[in-house]
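Student: I should like to work through this structure by way of a few precise questions. May we begin once it is displayed?

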There are 2 protein chains.
Amino acid sequence: MALLNEDYLKLPENYLFTEIHRKVNIYKITRPGSKVIHLDAGDSNHLLQGEFVENFHKNLDLMASSQATKSTDIPERTKVLEQKILKTDYESNGIKLSVDDIFINDDPRNAAADVLELLSRDNIIGVFDPSYPAFIYNTVMSGRSGQKMEDGRWSNLVYLPCNAENKFVPSIPKERLDVVYLSLPNNPTGTTLTTEELTKWVKYAIDTHTLIIYDASHAHYVRQKKVPKSIYEIKGAQKVAIELRSFSKTTGYTGTNFGFTIIPSDVVAYTEMGKAVSLNQLCRRRQTSKFSGIPYLALSAAESLYTPEGQKQMRQIADYYMTNAKIIKDKLLSIGLTVAGGDNSPYIWVKTPDGVSSWRFFEQMLYEKSIVCTPGVGFCPGGEGYVRFSGFSDRADVEEAMSRL
Amino acid sequence: MALLNEDYLKLPENYLFTEIHRKVNIYKITRPGSKVIHLDAGDSNHLLQGEFVENFHKNLDLMASSQATKSTDIPERTKVLEQKILKTDYESNGIKLSVDDIFINDDPRNAAADVLELLSRDNIIGVFDPSYPAFIYNTVMSGRSGQKMEDGRWSNLVYLPCNAENKFVPSIPKERLDVVYLSLPNNPTGTTLTTEELTKWVKYAIDTHTLIIYDASHAHYVRQKKVPKSIYEIKGAQKVAIELRSFSKTTGYTGTNFGFTIIPSDVVAYTEMGKAVSLNQLCRRRQTSKFSGIPYLALSAAESLYTPEGQKQMRQIADYYMTNAKIIKDKLLSIGLTVAGGDNSPYIWVKTPDGVSSWRFFEQMLYEKSIVCTPGVGFCPGGEGYVRFSGFSDRADVEEAMSRL
């Protein structure tokens, strides 16, 4: 008799963004003709142009001619790409990593779950409250979350409040923690930690053998100097931290995603007998058994990003979204709302006025202004009373939406 | 202190195909100038031509113009594609499925592991011996395999011998079984079950509430009439079977893969309290939380497959590989070897002469004939004394390799 994974039964019926989609559809059906503006997106939808697109076409023809092969061409070009990534994103920033430390992937959303797979189900995991919901759901589906409690939190997770009361600087907890997700800039709050604050986390991780899973998906949006783009800017981090990067946030090419995970060779986890094992080696074993390699066209797109022209366009796109974020932030401040984020991230985290709930404010924005934002409580219980506005949109739409407020 | 998933430590150092690659590299270094012919491939490397490639270019330009969007365009086109798949691959064959039964994926290799995720770790899993190694490794990494025994088998798996002694027709086991992988045509043996034989498995599954995971990745190669292409040709199978399909076997476009999983709404697994739960609904929850959708270009390629021209080219490619298989099989028979497969699959399963081991015969073929085949023992202990030859190669290479024997 086939038995099911009962952890799956704990999942909510709908994922946050599925639920938003459903509500927006109802609105559109009941109010035909109204122009809905989406300020809830979490991905770039601007494709790089010029030689980027030409290179895509060229590689497509190469693939069609069967000159591109999975067994030789992809592995060799992947190695070259990895070297370029290290040089561009890390060495230029004074960080020395080896090409063996990097794992290219084609689905950054899954990369965080893949890292969890390498770890025991008995770890106590810490997450920012609020944080990206997929991080939480991954712990649920893989049997690491414990039970859902009355307040909507999970019994086995340690929640690290990240809100106006602590100026969005989560404190290091006093209870046991084995693994901690640090998402910086944080999604959804758009807030960051300074080098000084992040240094405390690295010291804590070294002292307690805690593993840091550092989600740097939004690193390209960091503008302020005292805010690190990579955790490896902090001394000692190469002993305790895994870093995740994604290009869906800067160069969205509609699902032809790529990203990478850095696992320096010194990062370890422990057997129950206390033996340290390299997570890099474990991940390598996983990849050879489970990963078919990055699709050829995603690889070719990634290569184009690491040309001078690609880097230039990527910066332009990031600047475009950051200007959108500034327009949103300025407007919301001017009408008296309390906001965070937006300085090193395209996300603006907004306190709802008069203490109304996240979903209530979401519905007000939708039904009164035809604007879609994201209810903060959807990210975590600690997001209640907030909504997220996103700069991932077209300028004209952002301006029109702001003129409605 | 971060604890690791100790199940990962049970994996062998190298995946089968990584190990072959390593040995071939050593050969190439020590024997420079020799022309090595690969008859070990498991994927097509022939891209469809003509309108297929044109459509790829067209969709690329659509994507670059930002007219293709992840949130609207992909879901809508996916629905249309799903309807076409059901019509082309199932309705034409008298099988009635609903569009809600199908889950498109972009990595068929992972699809089998994704299904396992929905199931309890306490299930006893049956596998053909030999079978595709990723099936076994997925059970190891997810903590379902138990311990590796002296003979190389895993203590919690039930091995179903599939060899010359039982004419490659595995018997239904007498011991408890909760989940069984039926890979038909089987990879690596290239053998199949008739409708009559498969009917016995479906009846067994219904009687015992066993879940069948039917890997039909090679269904497009089935040529004989009494051999089913889909398990749903068998009455009752929609109550107990999940079917996996992959297009990496027919229309390899170098990693831009797509495939799909069929989970009819009646297929259930049970809670420990004996309550039946729809696996379709569980999978839907998983997808909304974990799957970002099929990449736009993979979707556009898949659409081209389901045009009359795409179907025609796909048949031509399959015929090409099947002719390769026939050339290999005829030659091996003519020199007195005992072979199976090759009639409904591009794989030929060859008994090594004089009882030499799989790896020894592999090395003989490599060092004496510069031909790469796949050692049968790499698939499972029951593959010892066999090697696999694959028709996934160029005609000229197949002919040259056979002339060397």
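Tutor: Please note that this is a predicted model. We start with strand β5 of chain A, residues 179-183.

Student: How many residues of β5(A) are buried, and which of them lie on each side?
Tutor: In a regular strand the side chains alternate between the two faces of the sheet. In β5(A), A:Val180 and A:Leu182 lie on one side, and A:Val179, A:Tyr181 and A:Ser183 lie on the other. Both faces are covered, and the number of buried residues is five of five.

Student: Which strands pair with β5(A), and in which sense, parallel or antiparallel?
Tutor: Strand β3 of chain A, residues 125-129, is joined to β5(A) by two bridges, with A:Ile125 opposite A:Val179. Strand β6 of chain A, residues 211-215, is joined to β5(A) by five bridges, and here A:Leu182 stands opposite A:Tyr214. For β3(A) the sense is parallel, and for β6(A) it is also parallel.

Student: What is the handedness of the crossover from β5(A) to β6(A)?
Tutor: After β5(A) the chain passes through helix α6 of chain A, residues 195-208, before it enters β6(A). This β-α-β crossover is right-handed.

Student: Why is the pair of A:Phe17 and A:Phe379 classed as it is?
Tutor: A search over all chains finds 36 aromatic pairs. In this one the ring centres lie 6.4 Å apart and the planes meet at 75°. Planes over 60 degrees apart fall in one class, so the pair is edge-to-face.

Student: Where in the chain do these two rings lie, and how many residues apart are they?
Tutor: A:Phe17 belongs to helix α1 of chain A, residues 16-30, whereas A:Phe379 is in the loop between β14 and β15 of chain A. The pair thus links distant parts of the chain, and the separation is 362 residues.

Student: Is A:Phe379 buried or exposed?
Tutor: Its partner A:Phe17 is partly exposed, at a relative accessible area of 27%. The cut-off for burial is under 20%. A:Phe379 has 2% relative accessibility, so this residue is buried.

Student: What are the geometry and setting of the pair B:Trp359 and B:Phe362?
Tutor: Both residues lie in helix α10 of chain B, residues 358-369, three residues apart, about one turn of the helix. B:Trp359 is partly exposed at 25%, while B:Phe362 is buried at 0%. The ring centres are 5.1 Å apart and the planes are at 80°, so the pair is edge-to-face.

Student: Which ring lies under the charged end of A:Arg388?
Tutor: The charged end sits 4.2 Å from the ring centre. The ring is that of A:Tyr347.

Definitions and conventions:
Residues numbered from 1 in each chain as written. Chains lettered and ligands numbered in written order. Predicted model: local features only at pLDDT ≥ 70, side-chain atom pairs only at ≥ 80, totals over all residues. Heavy atoms only, no water. Buried < 20%, exposed > 50% of the residue type's maximum accessible area, 1.4 Å probe, protein only. Helix = DSSP H or I, 4+ residues; strand = E, 2+ residues; numbered from the N terminus. Pairing = 2+ DSSP bridges. Right-handed = clockwise from strand over helix to strand, strands pointing away. Phe/Tyr/Trp six-rings, centres within 6.5 Å; stacked < 30°, edge-to-face > 60°. Lys NZ or Arg CZ within 6 Å of the ring centre and 35° of its normal.
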